[in-house]
Amino acid sequence: MKVTLSALDTCESSFTPLVVLELAQDVKEETKEWLKNRIISKKEDGGAQLLFRPLLNKYEKETLENQNLYLVGASKITLLLGAEAMGLVKECNDNTMRAFTYGTRYNFKDFDDDNDDFLTMAECQFIIKHELENLRARDEKMIPGYPQAKLYPGKSLLRRLLTSGIVIQVFPLHDNEALKKLEDTWYTRFTLKYQPIDHIRGYFGETIALYFGFLEYFTVALIPMAVIGLPYYLFVWEDYDKYVIFASFNLIWSTVILEVWKRGCANMTYRWGTLVMKRQFEEPRPGFHGVLGTNPVTGRKEPLYPSYKRQLRIYLVSLPFVCLCLYFSLYVMMIYFDMEAWALSLHENSGSEWTSVLLYVPSIIYAIVIEIMNRLYRYAAEFLTSWENHRLESAYQNHLILKVLVFNFLNCFASLFYIAFVLRDMKLLRQSLATLLITSQILNQIMESLLPYWLQRKHHVQVKRKVQALKADIDATLYEQVVLEKEMGTYLGTFDDYLELFLQFGYVSLFSCVYPLAAAFAVLNNFTEVNSDALKMCRVLKRPFSEPSANIGVWQLAFETMSVISVVTNCALIGMSPQVNALFPESKLDLVLIVVAVEHALLALKFILAFAIPDKPRHIQMKLARLEFESLEALKQQTMLGGLHSDSRLQQSVSRKTDSYVPEPVLSSDT
């Protein structure tokens with residue numbers, strides 16, 4: 001028997017607030033009342049059956065600002081049934097991972113009617129977000145009080161309220177006690193230790209935990225490169241032929257660490273349950289628009305937009321714009337080389353100490369310009385990708401990542417390729433690589449964490465003064481927390497964090513045979529990056545909703561592509577070195593053929609290693625196969641039971657017909 005929410009749930013007048021919903025200041029009362037009723041109504045009446053109350057009561061509203069802040073929570077039964085509806089996977093008492101069901105809840109490890117920690121807080125907030133997003137229009141034609149905000153059956157109410165400006169934002173609240181415990185084990189004490197990845201996952205969710213797990217893994221994996229690269233830098237700087245060993249190690253290293261990461265990632269996500277979690281049907285993204293029609297898959301009413309129009313926008317507008325930006329990036333690069341030539345000629349003419357320092361100024365200026373261009377282009381790429389009107393969030397993210405990666409790769413590395421293969425100036429290449437790497441790391445630390453933290457601290461002081469000046473009898477702690485968090489910046493996802501690691505991986509791997517010290521600088525930066533990113537997540541930005549993830553997604557492919565490109569660049573650089581060229585004084589064709597052969601051999605070795613190292617450990621493969629077998633068996637049993645019921649009904653029907661059959665009398669010839 002399927003358990004329904006209405007049969008179990010009870011109304012709670014007071015509850016633990018998990019999510020904050022902020023409305024615009026001028027929202028009409030009838031709209032507020034309608035939204036409240038839809039949130040607290042029962043499921044069969046089209047509601048979310050959540051708990052809902054304003055932050056301030058009527059008396060407090062007359063005294064304080066921020067009148068349109070509302071707290072959302074849920075009863076324990078609501079959360080458990082929501083976990084079942086979403087297919088959250090939990091560990092059973094027999095140590096297997098299975099999709100949670102309310103009817104079999106006692107079969108799951110650590111479940112108890114008195115245990116409120118069975119679902120993590122991140123999971124509870126994710127369930128509430130899912131319930132709010134699944135509030136759909138029924139017979140309403142518009143949002144009450146806003147006739148211009150049209151509705152149609154099946155439309156997500158929350159998304160329509162957000163796009164109409166009626167709802168300003170929805171965000172999960174921090175749990176100050178749990179956050180303090182997490183901070184104490186994470187970043188407040190500057191000691192060399194592993195991060196509490198499982199605790200990060202419990203508080204922020206799998207997507208953010210995977211990022212910090214990858215950052216930690218990548219930093220540890222860089223240490224051998226840094227240790228080996230240091231003596232090369234100190235003792236054999238100009239002997240390029242001796243860098244063959246270092247470059248070869250680098251190429252094998254880049255392949256092995258990415259393959260081993262996939263195994264470690266599979267271990268983590270299986271333990272968390274996301275590796276075996278079934279994908280939810282993806283809804284249209286909030287910004288998607290078009291002519292109202294019927295989705296042939298779901299049968300729901302939703303906007304429809306012809307794909308050919310989207311393709312025209314991509315190829316006739318977005319692609320030319322990206323090409324224009326790439327051209328502008330190359331133009332700025334040539335200006336940088338003019339500045340380098342000017343600084344070099346000035347130094348050669350004067351030879352003073354200050355002109356030797358001046359040699360680094362063009363690279364520093366260029367590194368700053370690169371960061372500015374990357375950020376400006378990011379805004380343009382987001383606008384263009386949104387304008388292309390992709391239906392699904394995954395398609396939107398893929399197109400955005402492609403645009404940003406192409407531009408960032410060219411913008412950051414074009415000058416290094418030009419120096420290496422056109423100017424062939426290894427000294428300038430080392431200088432430019434070091435300057436770009438170090439300057440970009442310093443700028444990222446300042447812009448991502450230090451500056452936002454300083455601004456947040458100033459705002460925090462202002463809020464505390466306002467709260468201390470209040471005479472009203474209110475829950476000042478909760479009020480202060482909500483008001484402070486609603487003004488915090490919004491975390492926009494792990495995109496920028498992975499992009500920073502991707503570019504760092506490029507600096508380390510693409511030109512490793514020229515500047516072996518790059519790995520050491522990357523390690524030093526990442527040790528501080530872990531703490532600054534942790535500070536950013538805990539104290540600078542709003543708490544993000546958790547998102548289940550089974551891996552790092554398209555970034556795995558991006559890192560693997562970079563490692564393939566690094567094979568080509570390192571082989572070409574070694575082939576261009578004077579020592580290698582001296583071995584082939586007569587025929588350069590032989591040199592080219594040998595370099596190409598070595599490059600192909602290394603690529604073949606990379607692909608052999610990638611094939612030889614399984615993406616998932618053996619025990620994980622066995623557990624996944626077992627789960628698949630059991631699900632197939634259950635489906636077979638269900639099909640057989642359905643067939644038996646069908647046969648039974650058929651036999652009953654035949655029996656009824658037989659019982660009602662009266663044979664006609666047989667007439668003989670004598671009658």
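## Reading a predicted fold, feature by feature

Student: What share of the contacts in the protein chain, counting those with a separation of 6 or more, comes from residues 24 or more positions apart?

Tutor: A contact means heavy atoms within 4.5 Å. Here, residues 24 or more positions apart account for 73% of the contacts with a separation of 6 or more. Keep in mind that this is a predicted model, where local features need pLDDT of at least 70 and side-chain atom pairs count only at pLDDT 80 or more, while totals for chains, interfaces and linings use all residues. Residues are numbered from 1 along each chain as its sequence is written, and side-chain values use heavy atoms, with hydrogens and water left out.

Student: Got it. How many helices and strands does the chain have, and what part of the residues is buried?

Tutor: Helices (H or I, at least four residues) and strands (E, at least two) are DSSP runs, numbered from the N terminus. This chain has 22 helices and 10 strands. Buried means under 20% relative accessible area, exposed over 50%, and partly exposed in between, with a 1.4 Å probe and protein chains only. By that cut, 48% of the 671 residues are buried. As for area, the method is Shrake-Rupley with a 1.4 Å probe, and for residues only the protein chains shown count as cover. The accessible surface comes to about 34800 Å², with 62% of it belonging to carbon and sulfur atoms.

Student: Let's take one strand. Which faces of E1 are covered?

Tutor: In a regular strand the side chains alternate between the two faces of the sheet. For E1, both faces are covered: Val 19, Leu 21 and Leu 23 are buried on one side, and Val 20 and Glu 22 are buried on the other. Five of the five residues of E1 (residues 19-23) are buried, so the strand is largely enclosed by the rest of the structure.

Student: And which strand does E1 pair with over five bridges?

Tutor: Two strands pair if DSSP finds at least two bridges between them. E1 pairs with E8 (residues 167-172) in the antiparallel sense over five bridges. Four bridges also join E1 to E3 (residues 69-73), again antiparallel. Val 20 shows both pairings: its bridge partner in E3 is Leu 71, and in E8 it is Phe 171.

Student: Where is there a hairpin?

Tutor: Look at E6 and E7, which form a hairpin with two residues between them. Two bridges join E6 (residues 142-143) to E7 (residues 146-150), antiparallel, and Met 142 stands opposite Lys 150. Gly 145 in the turn has a positive phi of about 90°.

Student: Which residue other than glycine has a positive phi near 55°?

Tutor: That's Arg 424, in the loop between H14 and H15 (426-468). Arg 424 counts as exposed at 58% relative accessibility. Asn 389 is another case, with a positive phi of about 65°, in the loop between H13 (361-387) and H14 (393-423). Asn 389, however, is buried, with a relative accessible area of 0%.

Student: Now the interior. Which residues touch the most other members of the largest nonpolar core?

Tutor: A nonpolar core is a set of buried Ala, Val, Leu, Ile, Met, Phe, Trp, Tyr and Cys residues joined through side-chain atoms within 4.5 Å. The largest one has 99 residues, and Trp 186, Ile 200, Phe 204, Phe 212, Leu 429, Phe 502 and Trp 555 touch the most other members. Helix H9 (residues 206-235) gives the most to this core, with 13 residues. A second, separate core of 51 residues includes Val 72, Phe 100, Met 121 and Met 277.

Student: How many aromatic pairs does the rule give?

Tutor: Rings of Phe, Tyr and Trp (its six-membered ring) pair if their centres lie within 6.5 Å; planes under 30 degrees apart count as stacked, over 60 as edge-to-face and the rest as tilted. The count comes to 33. In one of them, the rings of Trp 186 and Tyr 187 have centres 6.3 Å apart and planes at 80°, so the pair is edge-to-face. Phe 495 and Trp 555 are edge-to-face too, at 5.6 Å centre to centre and 70° between the planes. Phe 495 lies in H17 (residues 495-510) and Trp 555 in H19 (residues 554-576), so this pair ties together parts that are 60 residues apart in sequence.

Student: What lies over the face of Trp 387?

Tutor: A charge sits over a ring if NZ of Lys or CZ of Arg is within 6 Å of the ring centre and within 35 degrees of the ring normal. Arg 313 lies over Trp 387, at 4.5 Å from the ring centre, and Lys 28 lies over Tyr 146, at 5.4 Å.
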